[in-house]
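Hi there,

Here is the structure I promised to pass on to you. Please have a look at it first, and my notes follow underneath.

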Amino acid sequence: MFSARRQLVNSFRQFSTSAINNYKVTVLGANGGIGQPLSLLLKLNHKVTDLALYDLRGAPGVAADVSHIPTNSTVKGYTPENDGLAQALKGSDVVIIPAGVPRKPGMTRDDLFNTNASIVASLAVAVADNSPNASILIISNPVNSTVPIVSEVLKSKGVYNPKKLFGVTTLDVIRASRFISEVASTDPTKEQVTVVGGHSGITIVPLISKTVHKDVAKDTKDALIHRIQFGGDEVVKAKDGAGSATLSMATAGARMANSVLAGLSGEKDVIEPTFIDNPLYKSEGVEFFSSPVTLGPDGVHEVHGLGTISAEEEELIKTAKETLKKNIQK
């Protein structure tokens, strides 16, 4: 019990450092299963001083609820009425987009494409028109396809900055830390696992060779990799078709937002894996790829290569790249 309490306190501290600058963060889709807990976590983040919550309905209620939490940010909820989307976005430093429909049993992230693609594209137009300099964090699935869609919208508007468009793959990172700690009986808060590639199934590649657990037995490693790649299925099944990963995804989104804000404020050595317009495999036709990046005042400060990895991981990345090409082209 005391260990769990310490973890909760440490998690709160992660989002409770003193604000150096004033930052406006906007959540598009704030009344959804991800949006509500994400809004809560952002209210706890002292880097956020102005929190704007938008959704087709319900966002003012979410805003009223979290506004009672005694942190130093103001909160306002918006709906489409009275040009609410534009008002929510104006002056934003960071825009987070979890809007869209959740995954249901039997659905892959790609099955979500037809619905979520149009939602994300329309929101990207609004971002381009009202907060063209904001860092944009895409949570809406399928991330492998929605991030390229947003890039094309921003290009058509003449405001595309590849250093400020992020696909949030942080859920794969925190799952990897949790799952590997269960196998190794270690503290999950101390596990650091780099996950690269994309954000669906076989495009997710955890680089276990770069951890202290690189010599784990092959069958154990294979099972661990599969669980990291398809961990979302566990949640969909456990929720009996009533939803997908929302609380863990909100935690991942809040962590990525916190890191982006830390970079904007000038903190050093802020590194996160994220799905970006990436030079690593462009020569092979893979325009977007998740790899570790150092974050800074202008967004992506430095893109890091993968370094030396195992032959098995090389094969996993080869497979991931072929699927990513199709996801991006879609």
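To start with one residue: does Asp269 count as buried or exposed? This is a predicted model, so please read everything below in that light. At 70% relative accessibility, Asp269 is exposed, because the cut-off for that class is over 50%. You will find Asp269 in the loop between helix H10 (247-264) and strand E9 (270-277). Its backbone also deserves a look: Asp269 has a positive phi of about 55°, although it is not a glycine.

Ser185 makes a good companion to that residue. Its phi is near 55°, again a positive value in a residue other than glycine. Ser185 sits in the loop between helix H7 (170-184) and strand E7 (195-197), and with a relative accessible area of 67% Ser185 is exposed.

One more backbone feature, this time a peptide bond. Asn141 and Pro142 are joined in the cis form, with omega at about -5°. Pro142 belongs to the loop between E5 and H6.

That brings me to helix H6 itself. H6 (residues 143-156) packs against helix H11 (residues 311-329) at an angle of about 45°, and their axes are 8 Å apart. That angle makes H6 oblique to H11. The crossing of the two helices is right-handed. On the H6 side the contact is made by Asn144, Ser145 and Pro148, which meet Leu324, Asn327 and Ile328 of H11. Sorted by class, the contact of H6 with H11 has three nonpolar residues, three polar ones and no charged ones.

Two other residues of H6 caught my eye. Thr146 lies in this helix and is buried, with a relative accessible area of 0%. Leaving aside residues up to four places away in sequence, Thr146 touches Val120, Ile138, Ser140 and Asn141; Asn141 is also one partner in the cis peptide bond. Val150 is in H6 as well, and at 1% relative accessibility Val150 counts as buried. With the same sequence neighbours left out, Val150 touches Val120, Ala124, Ile138 and Leu165. For a sense of distance, the C-alpha atoms of Val150 and Leu261 are separated by 21 Å, and these two residues are 111 apart along the chain.

Now to the interior. Which residues touch the most other members of the largest nonpolar core? They are Leu28, Ile97 and Ile317, out of 40 residues in that core. Two or more residues each come from strand E2 (48-54), helix H4 (84-89), strand E4 (94-97), helix H5 (113-130), strand E5 (135-138), H6, strand E10 (288-296) and H11. H5 gives the largest share, six residues.

Ile97 is worth a closer look here. Not counting residues up to four places away in sequence, Ile97 touches Leu28, Leu123, Ser140 and the run of Ile136, Leu137, Ile138 and Ile139. There is also a second, separate core of 38 residues, and among its members are Tyr23, Leu38, Ala254 and Val270.

If you open the model, I would begin at the cis bond between Asn141 and Pro142, then move to the crossing of H6 and H11, and finish at Ile97 and its contacts.

Happy to talk it through whenever suits you.

Best wishes

How values were computed
Residues are numbered from 1 along each chain as its sequence is written. This is a predicted model: local features need pLDDT of at least 70, side-chain atom pairs count only at pLDDT 80 or more; totals for chains, interfaces and linings use all residues. Side-chain values use heavy atoms; hydrogens and water are left out. Axes are lines fitted to C-alpha atoms, for helices over the stretch in contact, and angles run from 0 to 180 degrees between N-to-C directions. Helices (H or I, at least four residues) and strands (E, at least two) are DSSP runs, numbered from the N terminus. Angles under 35 degrees count as roughly parallel, over 145 as roughly antiparallel, 65 to 115 as roughly perpendicular and the rest as oblique. A crossing is left-handed if the near helix is turned anticlockwise from the far one by less than a right angle, and right-handed if clockwise. Contact means heavy atoms within 4.5 Å. Ala, Val, Leu, Ile, Met, Phe, Trp, Tyr, Cys and Pro count as nonpolar, Asp, Glu, Lys and Arg as charged, and the others, Gly among them, as polar. A nonpolar core is a set of buried Ala, Val, Leu, Ile, Met, Phe, Trp, Tyr and Cys residues joined through side-chain atoms within 4.5 Å. Buried means under 20% relative accessible area, exposed over 50%, partly exposed in between (1.4 Å probe, protein chains only).
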